[in-house]
Amino acid sequence: MLTFVGLGLYDLGDITLKGLTYVKSADVVFLEAYTSRLMGTDLTAMEVFFGKEIRVLSREDVEQDPAEILERAAAGRVAFLIGGDPMVSTTHADLRIRAAAAGIETSIIHAASISSAVCGLSGLQNYRFGKSCSVPFPAGGWFPTTPIDTITVNLGLNLHTLVYLDIQDDRCMRIPEAIEIIEDMAERRGVEPPALYVGIARAGSEHPVVAAGSGSKLKETDFGPPLHVLAVPADLHPVEREYLETFAGL
Ligand SMILES: C[S@@+](CC[C@H](N)C(=O)[O-])C[C@H]1O[C@@H](n2cnc3c(N)ncnc32)[C@H](O)[C@@H]1O
C-alpha cells in the first residue's frame, strides 16, 4: 500500500488527522523535501512527533529510481510524505501510475496547499488564475524565460499567475530576488515587467507576511524567512482590490 500524505503548509500542526493516523500505522515512512518544505519544523521533530524513523528521498530516488519505494509498498504500508497537497505542483502522479502498474494499492491523504492558501491570503479569486510557473535560480549560462512568457500570456487573458520560487538543498528563493529575475527576463524578452505583485511569506504560520505593490516596493519589503511565493494579478475585481488594500497594504 502506497499512501501519499500531504503535510500541509508550515509545521507539524498542519497534517490532517487522517494523515497522522496513517503515518503512525505505517511500516515505512519516506519524506520528499525537494518540491516543498515545512519551515516550522525539522526532521528530528518530525520523527519524534510521528514516532517513526523517516527516510528522506532525493528527486532521483523518486523520479528515476523508485524501485525501493515500490518494493516496500508491495510488502507493507508505506507513507510517502509531501509538503502541501501531494499532487499539487509535484510530479508524483508518475509514481502513483508506476505503483498501479505494479499492482500496488495507492491512496492520497490531502492537506492544505499553497495554491489555495494564496487565494485566502491575497483575496485573488481562485477561478481567475491561469497557468502557474516556477522561477529557478539562474545557473551558469542557463537563464530560462518561460516564467515571463507564462505571466504575459495570462495577463493577455486577464488571468492571475501563481509564481513558485525555487527550493534547493542549501537555499530557498526569496521574493526580492524572484522579482529581480522576472524583471531581467522581461527585459530579455522585450516585454513590460509586471506592474503589480503580491508577495506571500510563510503561509500557514501564525504570522504570514502578505504585501502587494510594485516590483520596486516589494524588493524593499522585509518578508522574513522562506518559504516565499508570488502572485501576479490581472485586472483587479473591486473586491480583490479592497481585500488587498485591507490585508496587503495596496
Ligand atoms: C512546487 S510548489 C509545491 C506545492 C505543494 N505541493 C502544495 O500543495 O503546497 C512549492 C513552492 O510553493 C511555495 N510555497 C509552498 N509552501 C509555502 C508556504 N507555506 N508559504 C509560502 N510559499 C510556499 C514556494 O514558492 C515553494 O517553492
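**The ligand shell, the nonpolar core and the two domains**

In this predicted model, the shell of residues around the ligand draws at least two members from each of four secondary-structure elements, namely helix α6 (114-122) and the strands β7 (161-165), β10 (197-201) and β12 (228-232). The shell comprises 24 residues, of which Gly84, Val88, Ser113, Ile114 and Val229 come nearest to the ligand. Divided by class, the residues of the shell are 12 nonpolar, 10 polar and 2 charged. Because domain 1 (2-109) and domain 2 (114-247) both contribute residues to the shell, the ligand shell lies between the two domains.

These two domains, spanning residues 2-109 and 114-247, are those given by the domain assignment of the chain, and their C-alpha centres are separated by 28 Å. Contact between them involves 11 residues on the side of domain 1 and 13 residues on the side of domain 2. On the side of domain 1 that touches domain 2, the residues divide into 5 nonpolar, 4 polar and 2 charged.

The largest nonpolar core contains 65 residues, and the members that touch the most others in it are Phe80, Val163, Ala178 and Leu230. Helix α8 (residues 175-189) gives the most to this core, with a contribution of 6 residues. Like the ligand shell, which receives residues from both domains, this core is built from residues of domain 1 (2-109) and of domain 2 (114-247), and it therefore lies between them. For Ala178, when neighbours within four places in sequence are left aside, the contacts are with Val135, Val163, Leu165, Met173 and Leu230.

With respect to overall architecture, the chain contains 10 helices and 12 strands. Its radius of gyration is 19 Å, which is close to the 18 Å that the globule rule gives for 250 residues, so the chain is as compact as a globular protein of that length. Taken along the principal axes, the C-alpha atoms fill a box of roughly 55 × 40 × 30 Å. Of the 250 residues, 39% count as buried, and among contacts between residues at least 6 apart in sequence, 77% join residues that are at least 24 apart.

Ile109 offers a view of such sequence separation within a single environment. This residue is placed in strand β5 (residues 106-109) and counts as buried because it has 22 C-beta neighbours inside 10 Å. When residues up to four places away in sequence are not counted, Ile109 touches Thr3, Val5, Gly6, Thr16, Lys18, Gly19 and Tyr22. The C-alpha atom of Leu17, a residue 92 positions away along the chain, is separated from that of Ile109 by 9.7 Å.

Several backbone features were also identified in loops. The peptide bond from Pro226 to Leu227 is cis, with omega near 5 degrees, and Leu227 is placed in the loop between α9 (215-219) and β12. Positive phi values in residues other than glycine include that of Asn158, near 60 degrees, and that of Arg202, at about 55 degrees. Asn158 is located in the loop between α7 (146-156) and β7, whereas Arg202 lies in the loop between β10 and β11 (209-213). Asn158 counts as exposed because it has 10 C-beta neighbours inside 10 Å, while Arg202 counts as buried because it has 22 such neighbours inside 10 Å.

Key: Residues are numbered from 1 along each chain as its sequence is written. This is a predicted model: local features need pLDDT of at least 70, side-chain atom pairs count only at pLDDT 80 or more; totals for chains, interfaces and linings use all residues. A residue is near a molecule or strand if its C-beta atom, placed from the backbone, lies within 6 Å of it. Ala, Val, Leu, Ile, Met, Phe, Trp, Tyr, Cys and Pro count as nonpolar, Asp, Glu, Lys and Arg as charged, and the others, Gly among them, as polar. Domain bounds come from an automatic or database domain assignment. A nonpolar core is a set of buried Ala, Val, Leu, Ile, Met, Phe, Trp, Tyr and Cys residues joined through C-beta atoms within 7 Å. A residue is buried if 20 or more other C-beta atoms lie within 10 Å of its own, exposed if 12 or fewer, and partly exposed in between; C-beta atoms are placed from the backbone. Two residues are in contact if their C-beta atoms, placed from the backbone, lie within 7 Å. The radius of gyration is taken over C-alpha atoms; the globule rule is 2.2 Å times the number of residues to the power 0.38.
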